[in-house]
Amino acid sequence: MASPEPDTFDLGPGELTIGQTATPVDVSCLVNNAKIAASKDQGDSTTKLCGTVKPGRVTYTYALSGNVDTDIADSAGLFALSQDHAGEEMDFSFTPSTEAGTEATGKLIIDPLDFGGDTMGDPMVSDFEFAVTGKPTYTYATTP
Amino acid sequence: MTARDAIVEALGTVTGLTPSTTTPVAPVPGSAWPRWVITNYQGGKLCALAVHDYDVWVVLPNDVPEETVETADGLLAEVATALGKVGTVISAQPVAIQLDDASTMPGFRVRLTPRKR
C-alpha cells in the first residue's frame, strides 16, 4: 500500500512579528517573501596516526531573510525599528502558513533596512537578512 | 476600513470631486468612484495573498473641449497624488463614460493597487 502523500503548503497567508516580547511589530502586510535558512560550517577533517579520518565539527547558523515593503513614514514601524535598534537582539515569531500552523520563534539581530528604491513609481522595498541567535524553535500544529 | 472606503476617502481630499463608493446613478462632472478590476492570488503579502486592482473613474466637464482638457490636466495629478497615499498608482488613461441613455461623458480612469491595511 502506498504511503499517504504528505501535506505541503504555499507561502502565505501567515504572520511575522519582530520586536520586544511585550511590543512586537506585526510586519506581515509588508512581507513580500521570507524564510529561515541554515548555513553549514564544517571544520577540516583530521587523519589520525592509525589512518582513521575524523570529520570536522559541523555547526549551523540561521538567518531570517526576505524582502519587505518599507514603511518609511511610520515612526513605530519596521523601518524605524530597524534604524533605531540596529544591531540589537529582538524576539521574532514567523508563521509562513497559518494553514500549516508551524511557527518559528527565537531571537534575531535586526539590521537597518534600505531607504529609497530602484524604480520611480514602484513600491520601495528592501531585502533583509537578520541573523538568528542560536537556533529557532519550531512549534508544530498539533494533529488531531 | 476597506480598500474601497480608503479610495473614496482619498478622493474626498481632491477639490472639485464628489466621490462615491459605487457608480452613481447619474454621474456629473466631478463624480468619482472606484470599480474593482481584478484580483491576483500571486504576488501578495504574507498577511493576505489576494492583490486587488481597482480603477477609479472621474467624470470631466463636457461643455466645451477646452474646459475638458484644462480640467483633466489639473485634476489628474491631484487624483494620482491623493490615490498614491492609499496604494500604488499604476496608470491613467482617458475614457468615454457611457451613461444609461447611451450618451457619453469624458473622463479618465486611474488604475491602482491599494495597500494592505
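These entries record what I looked up in a predicted model of a complex.

**Ground rules.** I note that residues are numbered from 1 along each chain as its sequence is written, and that chains are lettered from A and ligands numbered from 1 in the order in which they are written. Local features need a pLDDT of at least 70 and side-chain atom pairs count only at pLDDT 80 or more, while totals for chains, interfaces and linings use all residues; side-chain values use heavy atoms, with hydrogens and water left out.

**Confidence.** I checked the scores before anything else: the predictor gives the complex an ipTM of 0.86 and a pTM of 0.83. Chain B averages a pLDDT (the predictor's confidence in each residue, from 0 to 100) of 92, and 99% of its residues score at least 70.

**Cores.** I looked for nonpolar cores, meaning sets of buried Ala, Val, Leu, Ile, Met, Phe, Trp, Tyr and Cys residues joined through side-chain atoms within 4.5 Å. The largest has 25 residues, and Ile18(A), Leu64(A), Leu78(A) and Phe92(A) have the most contacts inside it. Among the chain A elements that give it two or more residues are β1 (15–19), β6 (58–69), α1 (78–84) and β9 (125–139); helices (H or I, at least four residues) and strands (E, at least two) are DSSP runs, numbered from the N terminus. Apart from this core lies another, of 20 residues, including Val58(B) and Phe108(B).

I then followed Leu64(A), taking contact as heavy atoms within 4.5 Å. Not counting residues up to four places away in sequence, Leu64(A) touches, among others, Leu16(A), Ile36(A), Phe92(A), Leu108(A) and Phe130(A).

**Thr95(A).** I found this residue in strand β7 of chain A, buried at a relative accessible area of 11% (buried is under 20%, exposed over 50%, partly exposed in between, with a 1.4 Å probe and protein chains only). Leaving aside neighbours within four places in sequence, Thr95(A) is in contact with Gly14(A), Glu15(A), Thr102(A), Glu103(A) and Leu46(B).

**Cysteines.** I counted 1 disulfide over all chains, requiring a pair of cysteine sulfur atoms within 2.5 Å. Cys29(A) and Cys47(B) form it, with their sulfur atoms 2.1 Å apart. Cys29(A) lies in the loop between β2 (25–26) and β3 of chain A and Cys47(B) in the loop between β2 (31–40) and β3 (51–59) of chain B, so the pair joins two chains. The torsion about the S-S bond is about 110°, so I entered the disulfide as right-handed. Cys29(A) is partly exposed at 27% relative accessible area, and Cys47(B) is partly exposed at 24%. I also looked up Cys50(A), which counts as exposed at 65% relative accessibility.
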